[in-house]
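Colleague: Could you walk me through this protein and its ligand? Short answers will do.

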Amino acid sequence: MERKVAGTRVLQVDSAEPDPAAISEAAALLRAGDVVAFPTETVYGLGASALDGQAVRRIYAAKGRPSDNPLIVHVADRAQLADVVASVPPAAERLMDLYWPGPLTLVMPKGPKVAPEVTCGLDTVGVRMPDHPVAQALIRAAGVPIAAPSANRSGRPSPTTAEHVVEDLADRIPLVLDAGETGVGVESTVLDVTVDPPVLLRPGGVTLEELEAAIGHVEVAPAVLGADPGERPRSPGMKYKHYAPRAPLILVDGPVIQMQNKIRDLAMEYLEEGKRVGILCSAESRGVYVAPVILEYGSRADLSGVASDLFAALRAFDRHGVDVILAEGVPETGMGLAIMNRLRRAAGGRVIRV
Ligand code: TXA
Ligand code: MG
């Protein structure tokens, strides 16, 4: 099945056994130096050959991405890694054995073939092997490692469906492979293994607890927990506005009852000011609030479920045309660390602790 939105073609493919004709068409575009949006197990990515600087520049242009925020390189197998990195630190070997393919990006010393545009001139490169049949088939058919950031306009929530990609990038890219909703819902974990102890630069689909069980102590970059990354962040992506719906989002964090009380008070104040209030909350809290738009991100007892629905919920507030969004925090264990990192960034500093 195929549809067209402005100049962008959307090709539907089976998520388990993608049609080889669709894959080879997409791979041909990549080999010819163009960009293609495709699903991974985390979010949709916007790919180009990592060995072709000109092609990689098209990614930055389509997304409106600042040119000092490096891209993740995707490989289909360990053999391809040799084209991407100069060496593999021991901690990386162990983590690849455990978590590849999967939502774990490892920052390693950059190999000479990778275009400097991918890493924005850094001598390190982030690499991962995605755990999605469509992504794997595409990388294999292209025959080159694929540089791919999330397929959203810079600053917007990452896309977990092809519709989200089209919302942001229609007419700016030639092709989207549509394999339905992605699974994990937040992006990969980014871990710098060029230093000892390794440093967590972005929490994601593989949890901090899982990393530490595999390789021992991991340092957490202060920006992950909400500190201002300052002028020279360790991961350039830390300093940019991110994941933002159109309306300002206020994150309220603390014990459940206090959080609910604070959100109720704030909702009342904004409603009295004549504002259209949106609330983003857990399934457990739904009955507690009165507001024109209340969206759930799932149960606090299932943080993986929350992660998988989070970005779609943030985008949904745009359609409801709210003036302000009040969001409930979750505990920062397991996937909660990645969820809270995204919510804090969507809030852009508007965080209230109760
Ligand atoms: O799940 C994912 O990782 C998705 C899918 C498409 O694979 N990709 C993704 O890419 O989220 P992007 O570009 O949205 O986020 C990449 C993050 C940025 O925060 C960037 O700063 C960081 O990884 N990064 C990339 N290369 C780096 C490097 N060499 N050193 C430090 N941070 C790096
Ligand atoms: Mg992104």
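Modeller: Below are a few questions on the ligand site and then on the two domains of this predicted model.

Colleague: How many residues surround ligand 1?

Modeller: A residue counts here if one of its heavy atoms lies within 4 Å. The closest are T42, N69, H74, S188 and S235. The full count is 27 residues.

Colleague: How far is the side chain of N69 from an oxygen atom of ligand 1?

Modeller: Polar contacts are N or O pairs within 3.5 Å. R65 has a polar side-chain atom 2.9 Å from a ligand oxygen. For S150, the distance is 3.0 Å. For N69, it is 2.7 Å.

Colleague: What share of the accessible area of ligand 1 does the protein cover?

Modeller: On its own, ligand 1 has 680 Å² of accessible area. The protein covers 97%.

Colleague: Which strand gives the most to the shell around ligand 1?

Modeller: Three elements give two or more residues: strand 5 (72-74), strand 7 (124-128) and strand 11 (199-202). The top contribution is four residues. They come from strand 7.

Colleague: How many residues of the shell are charged?

Modeller: The shell has 12 nonpolar residues and 10 polar ones. The charged residues number five.

Colleague: What area is buried between domain 1 and domain 2?

Modeller: Domain 1 spans 2-225, and domain 2 spans 249-353. Their contact takes 27 residues from domain 1 and 18 from domain 2. Carbon and sulfur atoms give 54% of the buried area. That area is about 1700 Å².

Colleague: Which residues of domain 1 lose the most area to domain 2?

Modeller: Together they make up 28% of what that side buries. They are P157, V186 and P203.

Note on methods:
Residues numbered from 1 in each chain as written. Chains lettered and ligands numbered in written order. Predicted model: local features only at pLDDT ≥ 70, side-chain atom pairs only at ≥ 80, totals over all residues. Heavy atoms only, no water. Polar contact = N/O pair within 3.5 Å; in protein donor to acceptor, adjacent residues only side chain to side chain. Areas by Shrake-Rupley, 256 points an atom, 1.4 Å probe, with all protein chains shown as cover. Nonpolar A, V, L, I, M, F, W, Y, C, P; charged D, E, K, R; others polar. Domains from an automatic or database assignment. Contact = heavy atoms within 4.5 Å. Buried area = accessible area lost by both parts, 1.4 Å probe.
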